[in-house]
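Reader: I'd like a close look at one part of this model, the place where the ligand sits. Could you walk me through what surrounds it, and then point out any odd backbone spots worth knowing about?

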Amino acid sequence: MNIEAALEEIGKAPTLESLQALKVQYLGKNGLVTQEMKTLGRLSPEERREKGRVLNEWKAALEKALEAREAQLREEALQARLLQESIDVSLPGYAFPSGGLHITSRIMQELVGIFRKQGFSVVEGPEVESEFFNFDAINMPDWHPARDMQDTFWVEFKNQPGFTIQGPFGEDVTGRGGAVLRTHTSGMQIRYMIQHTPPFRIVVPGRVFRYEQTDASHEAMFHQLEGLVVGPNITMADLKGAISELARGLFGEEGKARFQPTYFPFVEPGVQFAMWWPERQKWLELGGAGMVHPYLFKAVDDYRERQGLPRAYEGMTGWAFGMGVERLALLRYGIPDIRYFYQNRLSFLRQFRG
Ligand code: DAH
């Protein structure tokens, strides 16, 4: 056996498989070195010692060479793989289109944020509402002329047997077999009061619907923010303070609010309020407000009593307001047509992206 040739062969083995074959060929059970070892017994002690030493040297040299070549081959394989799988980080990437909040959502978040800072909680209610909560309980019975001011989508459940509107406790409040797409968020005043005892302050953001021919200033669907504060000593001054604070939150330190008497069935006295826009030096009519009408407290307490709950609103006072969210955006940004909000034209929406 030629050890030099063997070591050279190992050093040149092209693959891990061929290397393994060489290992077997020299060091395996029937390998060349192993066979030589078996002949040692037939030699004289002197020759045996000499040949044994040489064979052990061969064995060590072969093992070392095999190990070295194996490491080499593994490293080469790794390098080849890395090269193949490498990513060219200098390639230009794909631009992912990034969305943004709709202008209505942004204004709503801004409004809600201003009230949160004043300690208001945020609650939401159903968009398909019972006639009772949307109208009757807030002092708009069906004979009331104020109902005519709100053109209403009446919803019939004829084809949805078993579909009902639920009250605050899961009770059926569907009423005369129908319901409404809520015309305002004011019905939530009643839902909330039935379930909670004063004092509290809440705002209710939400979508509302009116059966309306759309034009530049009318949409059949839009958003409102409702506010309600009830407690033992709540006054009109608190209402003016909160709305004035809203004006400052929206229009800066020079922002201020103006109140003019008007009528809403659910408040007494009732006002409409406008805010001063310092930049443009003009008043913006933004919504209605007033002191909660005693009729509402009575309707709530009667309802509570029917549910086995104690009356909770005797001796309480409160104020409420309601305002249009798109309307604020229209005025503030000088948008000429309310229909732009929901036509999903990106060229319009992108101008207000957050
Ligand atoms: N619900 C009224 C509307 O949609 C707005 C409103 C006026 C809400 C006065 C109120 C309020 O809470 O006190 O026209």
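Author: Here's a walk through the ligand site, followed by the domains and the backbone oddities.

Bear in mind from the start that this is a predicted model. As for where the ligand goes, it sits in the largest pocket. There, 16 residues surround the ligand, and the closest are His184, Ser186, Arg210, Gln224 and Glu226. Sort that shell by class and you get six nonpolar, eight polar and two charged residues.

Which strands each supply at least two residues of the shell? They are strand E6 (221-231), strand E9 (282-292) and strand E10 (317-324). Gln224, one of the closest residues to the ligand, has a polar side-chain atom 2.9 Å from a ligand oxygen. Arg210 is also among the closest residues, and an N or O atom in the Arg210 side chain is 3.0 Å from an oxygen atom of the ligand. Then there's Gln189, where a side-chain N or O atom and a ligand oxygen are 3.2 Å apart. As for burial, the ligand on its own has 360 Å² of accessible area, and the protein covers 91% of that.

Now zoom out for a moment. The domain assignment splits the chain into domain 1 (3-73) and domain 2 (103-127 + 184-352). Taken over C-alpha atoms, the centres of domain 1 and domain 2 are 92 Å apart.

On to the backbone. Most residues other than glycine have a negative phi, and most peptide bonds are trans. With that in mind, here are four spots to look at.

Two of them are cis peptide bonds. One joins Pro198 and Pro199, with an omega of about 5 degrees. Pro199 belongs to the loop between helix H7 (187-195) and strand E5 (200-209). The other cis bond runs from Glu268 to Pro269, and its omega is near 0 degrees. Pro269 is found in a strand, namely E8 (residues 267-277).

The remaining two are about phi. Gln281 is not a glycine, yet its phi is positive, at about 55 degrees. You'll find Gln281 in the loop between E8 and E9; strand E9 is one of the strands that each supply at least two residues of the ligand shell. Asn344 is not a glycine either, and Asn344 has a positive phi of about 55 degrees. Asn344 is in the loop between helix H10 (325-333) and helix H11 (346-349).

Technical notes
Residues numbered from 1 in each chain as written. Predicted model: local features only at pLDDT ≥ 70, side-chain atom pairs only at ≥ 80, totals over all residues. Heavy atoms only, no water. Near = heavy atom within 4 Å. Polar contact = N/O pair within 3.5 Å; in protein donor to acceptor, adjacent residues only side chain to side chain. Areas by Shrake-Rupley, 256 points an atom, 1.4 Å probe, with all protein chains shown as cover. 1 Å grid on protein atoms, 1.4 Å probe; cavity = no way out; pocket = protein on both sides within 12 Å on 5 of 7 lines; lining within 4 Å. Sits in = over half its atoms within 2 Å of the grid points. Helix = DSSP H or I, 4+ residues; strand = E, 2+ residues; numbered from the N terminus. Nonpolar A, V, L, I, M, F, W, Y, C, P; charged D, E, K, R; others polar. Domains from an automatic or database assignment.
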